[in-house]
Amino acid sequence: MAESSNSSLSGSSVSSDPEDYQPPIWKSYLYQLQQEAPRPKRITCPQEMESRPKYYGREFHGMISREYADELLVGAEGAYLIRESQRQPGTHTLALRFGHQTLNYRLFYDGKHFVGEKRFESVHDLVTDALITLYIETKAAEYIAKMTTNPIYEHLGYTSLLKDKMVHRLSRGRTEPRRVTFQREERISSPLVQRTALKDTPEKQCFYEKIHNFKVHTFRGPHWCEYCANFMWGLIAQGVRCSDCGLNVHKQCSKLVPSDCQPDLRRIKKVYSCDLTTLVKAHNTTRPMVVDMCIREIELRGMNSEGLYRVSGFSEHVEEVRLAFDRDGDKADISASAYADINIIAGALKLYLRDLPIPVITFDLYSKFIQSAKLPNAESRLEAIHESLLQLPPAHYETLRYLMAHLKRVTQLAKDNLMSSENLGIVYGPTLMQPPEQNALITLNDMRQQKLVVQLMIEHEDVLF
Ligand SMILES: [Zn+2]
Ligand SMILES: [Zn+2]
(Lines give C-alpha, C1' and ligand atoms only; values in the text may rest on other atoms or scores of the structure.)
(Ligands and ions follow the chains in the order given, each with its own letter.)
Protein backbone atom coordinates (compact mmCIF):
# COMPACT_ATOMS: atom_id res chain seq x y z
CA MET A 1 0.00 0.00 0.00
CA ALA A 2 2.78 2.40 0.88
CA GLU A 3 4.43 1.48 -2.40
CA SER A 4 1.47 2.49 -4.53
CA SER A 5 0.94 5.74 -2.70
CA ASN A 6 4.60 6.58 -3.12
CA SER A 7 4.47 6.26 -6.86
CA SER A 8 1.97 9.09 -7.23
CA LEU A 9 4.56 11.48 -5.81
CA SER A 10 6.51 11.54 -9.02
CA GLY A 11 3.40 12.57 -10.96
CA SER A 12 2.57 16.19 -11.71
CA SER A 13 -0.73 16.12 -9.86
CA VAL A 14 0.92 17.16 -6.64
CA SER A 15 2.29 20.65 -6.68
CA SER A 16 5.31 21.61 -4.63
CA ASP A 17 4.35 25.28 -4.65
CA PRO A 18 3.23 26.30 -1.18
CA GLU A 19 0.93 28.87 -2.82
CA ASP A 20 -1.20 25.98 -4.09
CA TYR A 21 -1.38 24.40 -0.69
CA GLN A 22 -4.83 23.24 0.28
CA PRO A 23 -5.36 22.65 3.95
CA PRO A 24 -6.28 19.04 4.60
CA ILE A 25 -9.88 18.19 5.25
CA TRP A 26 -9.85 16.47 8.59
CA LYS A 27 -12.45 13.74 8.74
CA SER A 28 -14.73 14.15 11.70
CA TYR A 29 -16.73 10.91 11.61
CA LEU A 30 -14.68 9.16 14.30
CA TYR A 31 -14.65 12.33 16.39
CA GLN A 32 -18.46 12.37 16.32
CA LEU A 33 -18.52 8.72 17.30
CA GLN A 34 -16.27 9.43 20.26
CA GLN A 35 -18.74 12.12 21.40
CA GLU A 36 -21.58 9.57 21.14
CA ALA A 37 -19.77 6.82 23.04
CA PRO A 38 -21.48 5.80 26.31
CA ARG A 39 -20.06 7.49 29.44
CA PRO A 40 -18.94 5.50 32.47
CA LYS A 41 -21.54 4.98 35.21
CA ARG A 42 -20.05 3.82 38.46
CA ILE A 43 -22.28 1.35 40.31
CA THR A 44 -21.37 1.72 43.98
CA CYS A 45 -21.67 -0.82 46.74
CA PRO A 46 -24.12 0.21 49.49
CA GLN A 47 -21.96 -1.13 52.31
CA GLU A 48 -18.27 -0.68 53.08
CA MET A 49 -16.34 -3.84 52.04
CA GLU A 50 -13.53 -4.86 54.35
CA SER A 51 -11.68 -6.68 51.59
CA ARG A 52 -11.54 -3.50 49.47
CA PRO A 53 -8.01 -2.66 48.29
CA LYS A 54 -7.19 0.98 49.02
CA TYR A 55 -6.74 1.81 45.32
CA TYR A 56 -10.42 1.00 44.56
CA GLY A 57 -13.42 3.07 45.60
CA ARG A 58 -17.03 2.20 46.31
CA GLU A 59 -17.33 0.57 42.86
CA PHE A 60 -15.73 -2.43 44.59
CA HIS A 61 -18.39 -4.98 45.56
CA GLY A 62 -16.32 -7.75 47.12
CA MET A 63 -16.78 -11.37 46.17
CA ILE A 64 -20.11 -11.30 44.35
CA SER A 65 -21.08 -13.76 41.61
CA ARG A 66 -20.85 -13.01 37.92
CA GLU A 67 -24.65 -13.37 37.68
CA TYR A 68 -25.28 -10.90 40.50
CA ALA A 69 -22.90 -8.39 38.93
CA ASP A 70 -24.84 -8.81 35.69
CA GLU A 71 -28.09 -7.97 37.50
CA LEU A 72 -26.58 -4.83 39.04
CA LEU A 73 -25.39 -3.56 35.68
CA VAL A 74 -28.26 -4.51 33.43
CA GLY A 75 -30.05 -1.79 31.49
CA ALA A 76 -27.37 0.93 31.67
CA GLU A 77 -24.76 1.16 28.91
CA GLY A 78 -21.42 2.16 30.41
CA ALA A 79 -22.28 0.89 33.91
CA TYR A 80 -19.33 -0.76 35.66
CA LEU A 81 -18.23 -2.30 38.94
CA ILE A 82 -15.29 -4.23 40.33
CA ARG A 83 -15.67 -7.63 41.98
CA GLU A 84 -13.27 -10.08 43.52
CA SER A 85 -13.06 -13.29 41.53
CA GLN A 86 -14.76 -16.28 43.18
CA ARG A 87 -12.59 -18.73 41.30
CA GLN A 88 -9.32 -16.93 42.01
CA PRO A 89 -9.65 -15.01 45.26
CA GLY A 90 -7.29 -12.05 45.44
CA THR A 91 -7.71 -11.24 41.75
CA HIS A 92 -10.12 -8.61 40.51
CA THR A 93 -12.55 -8.38 37.63
CA LEU A 94 -13.91 -5.28 35.96
CA ALA A 95 -17.51 -5.90 34.87
CA LEU A 96 -18.62 -3.43 32.21
CA ARG A 97 -21.94 -3.09 30.42
CA PHE A 98 -21.57 -2.51 26.69
CA GLY A 99 -23.67 -3.55 23.68
CA HIS A 100 -26.41 -4.91 25.99
CA GLN A 101 -24.10 -7.45 27.54
CA THR A 102 -21.73 -7.56 30.48
CA LEU A 103 -18.06 -7.78 29.58
CA ASN A 104 -15.61 -9.08 32.17
CA TYR A 105 -11.93 -8.11 32.21
CA ARG A 106 -9.19 -9.17 34.56
CA LEU A 107 -8.14 -5.90 36.19
CA PHE A 108 -4.56 -5.21 37.29
CA TYR A 109 -2.89 -2.56 39.40
CA ASP A 110 0.84 -1.79 39.72
CA GLY A 111 0.61 1.88 40.58
CA LYS A 112 -1.58 2.31 37.50
CA HIS A 113 -4.72 0.49 36.44
CA PHE A 114 -4.77 -1.68 33.32
CA VAL A 115 -6.48 -4.53 31.53
CA GLY A 116 -4.30 -4.41 28.40
CA GLU A 117 -1.37 -2.32 27.17
CA LYS A 118 -2.63 1.13 28.18
CA ARG A 119 -2.11 2.23 31.78
CA PHE A 120 -4.45 4.64 33.59
CA GLU A 121 -4.38 6.85 36.65
CA SER A 122 -7.92 5.90 37.62
CA VAL A 123 -10.43 3.14 36.93
CA HIS A 124 -12.79 5.86 35.70
CA ASP A 125 -10.28 6.86 32.98
CA LEU A 126 -9.76 3.22 32.06
CA VAL A 127 -13.50 2.69 31.63
CA THR A 128 -13.91 5.95 29.66
CA ASP A 129 -11.19 4.85 27.25
CA ALA A 130 -12.56 1.30 27.01
CA LEU A 131 -16.04 2.57 26.16
CA ILE A 132 -14.71 4.93 23.46
CA THR A 133 -12.57 2.18 21.96
CA LEU A 134 -15.33 -0.44 22.10
CA TYR A 135 -17.87 1.95 20.66
CA ILE A 136 -15.72 3.17 17.78
CA GLU A 137 -14.21 -0.16 16.93
CA THR A 138 -17.63 -1.86 16.86
CA LYS A 139 -19.51 0.89 15.05
CA ALA A 140 -16.80 1.76 12.58
CA ALA A 141 -14.90 -1.50 12.12
CA GLU A 142 -15.22 -1.40 8.35
CA TYR A 143 -14.45 2.33 8.18
CA ILE A 144 -11.28 1.85 10.23
CA ALA A 145 -10.15 -1.05 8.08
CA LYS A 146 -10.47 1.17 5.00
CA MET A 147 -9.30 4.49 6.40
CA THR A 148 -5.72 4.08 5.23
CA THR A 149 -6.59 3.37 1.60
CA ASN A 150 -6.74 7.00 0.54
CA PRO A 151 -4.19 8.74 2.72
CA ILE A 152 -3.94 12.49 2.68
CA TYR A 153 -0.33 12.19 3.73
CA GLU A 154 1.38 13.17 0.50
CA HIS A 155 -0.81 16.24 0.00
CA LEU A 156 0.27 17.55 3.29
CA GLY A 157 3.58 19.02 4.42
CA TYR A 158 3.00 17.65 7.88
CA THR A 159 0.83 20.14 9.72
CA SER A 160 3.16 23.02 8.99
CA LEU A 161 3.67 24.78 5.73
CA LEU A 162 7.43 25.04 5.64
CA LYS A 163 8.44 25.20 2.05
CA ASP A 164 11.59 23.14 2.30
CA LYS A 165 9.67 20.37 3.99
CA MET A 166 7.19 20.31 1.14
CA VAL A 167 9.91 20.21 -1.46
CA HIS A 168 11.64 17.46 0.45
CA ARG A 169 8.56 15.39 0.67
CA LEU A 170 7.82 15.76 -3.00
CA SER A 171 11.24 15.25 -4.45
CA ARG A 172 11.93 12.10 -2.58
CA GLY A 173 14.79 10.13 -4.01
CA ARG A 174 17.99 8.49 -3.10
CA THR A 175 21.51 8.69 -4.31
CA GLU A 176 22.49 5.16 -5.13
CA PRO A 177 26.13 4.28 -4.53
CA ARG A 178 27.88 3.46 -7.78
CA ARG A 179 28.22 -0.19 -8.62
CA VAL A 180 31.74 -1.05 -9.62
CA THR A 181 32.86 -4.26 -11.17
CA PHE A 182 36.38 -5.32 -10.65
CA GLN A 183 37.61 -5.22 -14.20
CA ARG A 184 40.91 -3.80 -15.09
CA GLU A 185 39.79 -0.88 -17.26
CA GLU A 186 37.19 0.18 -14.67
CA ARG A 187 39.84 0.26 -12.08
CA ILE A 188 42.00 2.59 -14.09
CA SER A 189 39.25 4.97 -15.11
CA SER A 190 37.17 5.07 -11.97
CA PRO A 191 39.14 7.54 -9.84
CA LEU A 192 39.01 10.22 -12.50
CA VAL A 193 35.38 9.61 -13.31
CA GLN A 194 34.52 9.75 -9.69
CA ARG A 195 36.31 13.01 -8.95
CA THR A 196 34.41 14.83 -11.71
CA ALA A 197 31.13 13.31 -10.59
CA LEU A 198 31.73 14.48 -7.05
CA LYS A 199 32.20 18.07 -8.15
CA ASP A 200 28.91 18.03 -10.04
CA THR A 201 26.87 16.92 -7.07
CA PRO A 202 25.39 19.86 -5.21
CA GLU A 203 26.82 19.59 -1.74
CA LYS A 204 23.81 20.95 0.08
CA GLN A 205 21.36 18.34 -1.18
CA CYS A 206 20.52 15.15 0.54
CA PHE A 207 17.84 12.70 -0.39
CA TYR A 208 18.56 10.04 2.15
CA GLU A 209 15.66 7.98 3.35
CA LYS A 210 15.09 8.03 7.07
CA ILE A 211 12.54 6.07 8.98
CA HIS A 212 10.37 7.88 11.51
CA ASN A 213 11.11 7.38 15.16
CA PHE A 214 7.57 6.64 16.39
CA LYS A 215 6.76 6.47 20.10
CA VAL A 216 3.35 5.87 21.68
CA HIS A 217 1.93 9.27 22.59
CA THR A 218 -0.90 10.69 24.66
CA PHE A 219 -2.43 13.69 22.95
CA ARG A 220 -4.06 16.43 25.00
CA GLY A 221 -7.18 17.63 23.23
CA PRO A 222 -8.50 16.27 19.93
CA HIS A 223 -5.87 15.27 17.37
CA TRP A 224 -6.14 14.01 13.83
CA CYS A 225 -3.89 11.51 12.10
CA GLU A 226 -1.56 13.17 9.60
CA TYR A 227 -1.54 10.08 7.44
CA CYS A 228 -5.24 9.24 6.99
CA ALA A 229 -6.80 12.51 8.26
CA ASN A 230 -9.03 10.65 10.70
CA PHE A 231 -9.56 11.45 14.34
CA MET A 232 -7.30 9.69 16.85
CA TRP A 233 -9.75 8.30 19.34
CA GLY A 234 -9.36 7.28 22.96
CA LEU A 235 -8.43 8.98 26.20
CA ILE A 236 -4.71 8.19 26.31
CA ALA A 237 -2.12 6.64 23.96
CA GLN A 238 -4.35 7.54 21.03
CA GLY A 239 -1.54 7.26 18.51
CA VAL A 240 2.19 7.60 17.96
CA ARG A 241 4.43 10.63 17.44
CA CYS A 242 7.78 10.75 15.65
CA SER A 243 10.24 12.16 18.15
CA ASP A 244 12.50 13.43 15.35
CA CYS A 245 10.00 15.32 13.17
CA GLY A 246 6.81 15.47 15.25
CA LEU A 247 4.56 13.60 12.81
CA ASN A 248 1.38 12.34 14.53
CA VAL A 249 -0.40 9.25 13.23
CA HIS A 250 -2.51 6.28 14.28
CA LYS A 251 -0.49 3.28 15.39
CA GLN A 252 -1.89 1.27 12.47
CA CYS A 253 -1.07 4.10 10.02
CA SER A 254 2.53 4.34 11.25
CA LYS A 255 3.30 1.10 9.44
CA LEU A 256 2.32 2.67 6.12
CA VAL A 257 4.08 6.02 6.37
CA PRO A 258 7.05 6.15 3.95
CA SER A 259 10.61 6.51 5.26
CA ASP A 260 10.72 10.24 4.64
CA CYS A 261 11.30 11.63 8.08
CA GLN A 262 12.63 15.18 7.95
CA PRO A 263 13.97 15.77 11.46
CA ASP A 264 13.24 19.11 13.02
CA LEU A 265 16.36 20.90 14.27
CA ARG A 266 14.48 21.99 17.38
CA ARG A 267 13.94 18.35 18.29
CA ILE A 268 17.53 17.27 17.61
CA LYS A 269 19.31 18.59 20.65
CA LYS A 270 22.80 17.28 20.12
CA VAL A 271 25.31 16.67 17.39
CA TYR A 272 27.42 14.02 19.10
CA SER A 273 25.67 10.73 19.90
CA CYS A 274 22.87 11.58 17.45
CA ASP A 275 22.03 9.00 14.80
CA LEU A 276 24.08 9.81 11.68
CA THR A 277 21.19 9.84 9.18
CA THR A 278 19.01 11.84 11.58
CA LEU A 279 21.72 14.46 11.95
CA VAL A 280 22.37 14.95 8.22
CA LYS A 281 18.63 15.08 7.49
CA ALA A 282 18.14 17.66 10.23
CA HIS A 283 20.96 19.85 8.93
CA ASN A 284 20.26 19.12 5.26
CA THR A 285 23.84 18.10 4.54
CA THR A 286 25.40 15.16 2.75
CA ARG A 287 27.59 14.18 5.70
CA PRO A 288 27.70 15.12 9.37
CA MET A 289 29.13 18.65 9.61
CA VAL A 290 31.60 17.48 12.27
CA VAL A 291 33.25 15.21 9.71
CA ASP A 292 33.43 17.89 7.02
CA MET A 293 34.60 20.66 9.34
CA CYS A 294 37.26 18.61 11.15
CA ILE A 295 38.64 17.19 7.91
CA ARG A 296 38.72 20.65 6.33
CA GLU A 297 40.62 22.00 9.34
CA ILE A 298 43.08 19.09 9.37
CA GLU A 299 43.73 19.36 5.64
CA LEU A 300 44.33 23.07 6.11
CA ARG A 301 46.96 22.87 8.81
CA GLY A 302 47.62 19.36 10.08
CA MET A 303 48.46 16.99 7.26
CA ASN A 304 52.18 16.94 8.04
CA SER A 305 51.70 16.62 11.78
CA GLU A 306 53.65 13.64 13.10
CA GLY A 307 51.43 10.87 14.44
CA LEU A 308 48.22 12.48 13.12
CA TYR A 309 45.22 10.54 14.55
CA ARG A 310 47.56 8.39 16.66
CA VAL A 311 48.70 11.10 19.08
CA SER A 312 45.86 12.11 21.38
CA GLY A 313 44.93 15.70 22.02
CA PHE A 314 44.40 16.89 25.58
CA SER A 315 41.12 15.19 26.47
CA GLU A 316 39.59 18.21 28.20
CA HIS A 317 40.06 20.21 25.02
CA VAL A 318 38.57 17.41 22.89
CA GLU A 319 35.59 17.50 25.22
CA GLU A 320 35.35 21.27 24.72
CA VAL A 321 35.16 20.79 20.96
CA ARG A 322 32.38 18.25 21.42
CA LEU A 323 30.44 20.71 23.56
CA ALA A 324 31.01 23.45 20.99
CA PHE A 325 29.54 21.26 18.23
CA ASP A 326 26.60 20.21 20.42
CA ARG A 327 25.91 23.85 21.26
CA ASP A 328 26.76 25.72 18.06
CA GLY A 329 26.47 23.09 15.32
CA ASP A 330 28.19 24.27 12.14
CA LYS A 331 29.00 27.61 13.82
CA ALA A 332 31.43 25.89 16.19
CA ASP A 333 34.86 27.55 16.18
CA ILE A 334 37.58 24.96 15.65
CA SER A 335 40.07 27.29 14.01
CA ALA A 336 43.77 27.48 14.90
CA SER A 337 43.08 30.49 17.11
CA ALA A 338 40.70 28.41 19.24
CA TYR A 339 42.65 25.14 19.21
CA ALA A 340 46.25 25.42 18.05
CA ASP A 341 46.95 21.71 18.55
CA ILE A 342 45.61 19.81 15.53
CA ASN A 343 45.47 16.58 17.58
CA ILE A 344 42.49 18.08 19.43
CA ILE A 345 40.57 18.38 16.17
CA ALA A 346 41.63 14.87 15.12
CA GLY A 347 40.53 13.60 18.54
CA ALA A 348 37.16 15.35 18.24
CA LEU A 349 36.55 13.67 14.88
CA LYS A 350 37.43 10.23 16.24
CA LEU A 351 35.25 10.83 19.29
CA TYR A 352 32.31 11.80 17.08
CA LEU A 353 32.63 8.60 15.05
CA ARG A 354 33.13 6.42 18.13
CA ASP A 355 30.11 7.89 19.93
CA LEU A 356 27.61 7.24 17.14
CA PRO A 357 24.68 5.14 18.39
CA ILE A 358 25.07 3.07 15.22
CA PRO A 359 28.69 2.98 14.04
CA VAL A 360 29.59 4.10 10.50
CA ILE A 361 29.96 0.41 9.64
CA THR A 362 26.57 -0.58 11.01
CA PHE A 363 26.03 -3.33 13.56
CA ASP A 364 24.07 -5.48 11.10
CA LEU A 365 26.88 -5.38 8.52
CA TYR A 366 29.69 -5.77 11.03
CA SER A 367 30.20 -9.51 10.64
CA LYS A 368 29.98 -9.27 6.85
CA PHE A 369 32.96 -6.92 6.88
CA ILE A 370 34.87 -9.11 9.32
CA GLN A 371 34.20 -12.20 7.20
CA SER A 372 35.32 -10.31 4.07
CA ALA A 373 38.66 -9.56 5.68
CA LYS A 374 39.15 -13.27 6.45
CA LEU A 375 39.02 -14.31 2.80
CA PRO A 376 42.44 -15.60 1.68
CA ASN A 377 42.34 -14.27 -1.86
CA ALA A 378 43.09 -10.54 -2.18
CA GLU A 379 40.77 -9.98 -5.13
CA SER A 380 37.76 -11.71 -3.55
CA ARG A 381 38.47 -9.87 -0.28
CA LEU A 382 38.09 -6.52 -2.03
CA GLU A 383 35.04 -7.70 -3.86
CA ALA A 384 33.38 -8.83 -0.62
CA ILE A 385 34.17 -5.52 1.09
CA HIS A 386 32.76 -3.68 -1.89
CA GLU A 387 29.56 -5.73 -1.75
CA SER A 388 29.18 -4.93 1.95
CA LEU A 389 29.83 -1.23 1.38
CA LEU A 390 26.91 -1.06 -1.05
CA GLN A 391 24.57 -2.24 1.69
CA LEU A 392 25.42 0.60 4.06
CA PRO A 393 22.77 3.27 4.62
CA PRO A 394 23.55 6.06 2.10
CA ALA A 395 24.54 8.65 4.71
CA HIS A 396 26.95 6.15 6.29
CA TYR A 397 28.35 5.26 2.88
CA GLU A 398 28.93 8.93 1.98
CA THR A 399 30.64 9.60 5.31
CA LEU A 400 32.93 6.62 4.92
CA ARG A 401 33.78 7.49 1.33
CA TYR A 402 34.72 11.04 2.29
CA LEU A 403 36.75 9.90 5.28
CA MET A 404 38.66 7.26 3.30
CA ALA A 405 39.57 9.75 0.57
CA HIS A 406 40.92 12.01 3.30
CA LEU A 407 42.87 9.22 5.02
CA LYS A 408 44.33 8.27 1.66
CA ARG A 409 45.70 11.80 1.38
CA VAL A 410 47.11 11.46 4.91
CA THR A 411 49.03 8.34 3.86
CA GLN A 412 50.41 10.15 0.83
CA LEU A 413 52.29 12.39 3.28
CA ALA A 414 53.46 9.46 5.42
CA LYS A 415 57.09 10.55 5.17
CA ASP A 416 56.15 13.59 7.30
CA ASN A 417 53.27 12.39 9.45
CA LEU A 418 54.51 8.78 9.74
CA MET A 419 50.97 7.47 9.31
CA SER A 420 50.72 4.53 6.93
CA SER A 421 47.43 2.93 5.96
CA GLU A 422 48.26 0.15 8.42
CA ASN A 423 48.74 2.64 11.28
CA LEU A 424 45.48 4.34 10.40
CA GLY A 425 43.81 0.92 10.26
CA ILE A 426 44.83 0.33 13.87
CA VAL A 427 43.51 3.74 14.93
CA TYR A 428 40.29 3.71 12.91
CA GLY A 429 39.36 -0.01 13.01
CA PRO A 430 37.64 0.07 16.41
CA THR A 431 36.35 3.62 15.77
CA LEU A 432 34.41 2.68 12.65
CA MET A 433 33.55 -0.91 13.52
CA GLN A 434 32.04 -2.21 16.74
CA PRO A 435 30.49 -5.65 17.20
CA PRO A 436 26.72 -5.62 17.83
CA GLU A 437 27.15 -7.11 21.29
CA GLN A 438 29.88 -5.67 23.47
CA ASN A 439 32.09 -8.59 24.28
CA ALA A 440 35.74 -8.14 25.17
CA LEU A 441 36.70 -11.47 23.65
CA ILE A 442 35.01 -10.85 20.28
CA THR A 443 36.51 -7.38 20.15
CA LEU A 444 39.96 -8.79 20.79
CA ASN A 445 39.57 -11.57 18.22
CA ASP A 446 38.31 -9.18 15.54
CA MET A 447 40.96 -6.50 15.97
CA ARG A 448 43.14 -7.84 13.17
CA GLN A 449 40.22 -7.88 10.73
CA GLN A 450 38.98 -4.44 11.82
CA LYS A 451 42.40 -3.04 11.10
CA LEU A 452 42.60 -4.83 7.77
CA VAL A 453 39.17 -3.65 6.59
CA VAL A 454 40.10 -0.01 7.22
CA GLN A 455 43.57 -0.44 5.76
CA LEU A 456 42.13 -1.94 2.57
CA MET A 457 39.47 0.75 2.31
CA ILE A 458 42.17 3.43 2.49
CA GLU A 459 44.50 1.73 0.03
CA HIS A 460 41.74 0.96 -2.46
CA GLU A 461 39.35 3.84 -1.82
CA ASP A 462 39.50 4.80 -5.49
CA VAL A 463 37.97 1.52 -6.65
CA LEU A 464 35.90 0.60 -3.63
CA PHE A 465 33.83 3.78 -3.53
ZN1 LIG B 1 9.79 11.54 11.59
ZN1 LIG C 1 -4.40 7.28 10.51
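Two exercises with worked solutions follow, on the sheet and on the nonpolar cores of this structure.

This is a predicted model, in which local features need pLDDT of at least 70, side-chain atom pairs count only at pLDDT 80 or more, and totals for chains, interfaces and linings use all residues. Residues are numbered from 1 along each chain as its sequence is written, and chains are lettered from A and ligands numbered from 1 in the order in which they are written.

**Exercise 1.** Find which strands stand at the edges of the open sheet of 5 strands, and explain why one side of each lacks a neighbour.

*Solution.* Begin with the strands, which are DSSP runs of E with at least two residues, numbered from the N terminus, and which pair if DSSP finds at least two bridges between them. The order in the sheet is β1-β2-β3-β4-β5, with mixed pairing. Since β1 (41–42) and β5 (113–114) each have a single partner strand, one side of each is left without a neighbour in the sheet. Now look at β5, which runs antiparallel to β4 (residues 101–109) and is joined to β4 by 2 bridges; F114 in β5 is the bridge partner of F108.

**Exercise 2.** Locate the largest nonpolar core, a set of buried Ala, Val, Leu, Ile, Met, Phe, Trp, Tyr and Cys residues joined through C-beta atoms within 7 Å, where buried means that 20 or more other C-beta atoms, placed from the backbone, lie within 10 Å of a residue's own.

*Solution.* Among the 58 residues of this core, C294, I345, A348, L349 and V453 touch the most other members. Helix α12 (residues 342–354) gives the most, with 9 residues. Finally, because domain 3 (285–354) and domain 4 (363–464), whose bounds come from an automatic or database domain assignment, both give residues to this core, the core lies between them.

Key. Helices (H or I, at least four residues) and strands (E, at least two) are DSSP runs, numbered from the N terminus. A nonpolar core is a set of buried Ala, Val, Leu, Ile, Met, Phe, Trp, Tyr and Cys residues joined through C-beta atoms within 7 Å. A residue is buried if 20 or more other C-beta atoms lie within 10 Å of its own, exposed if 12 or fewer, and partly exposed in between; C-beta atoms are placed from the backbone.
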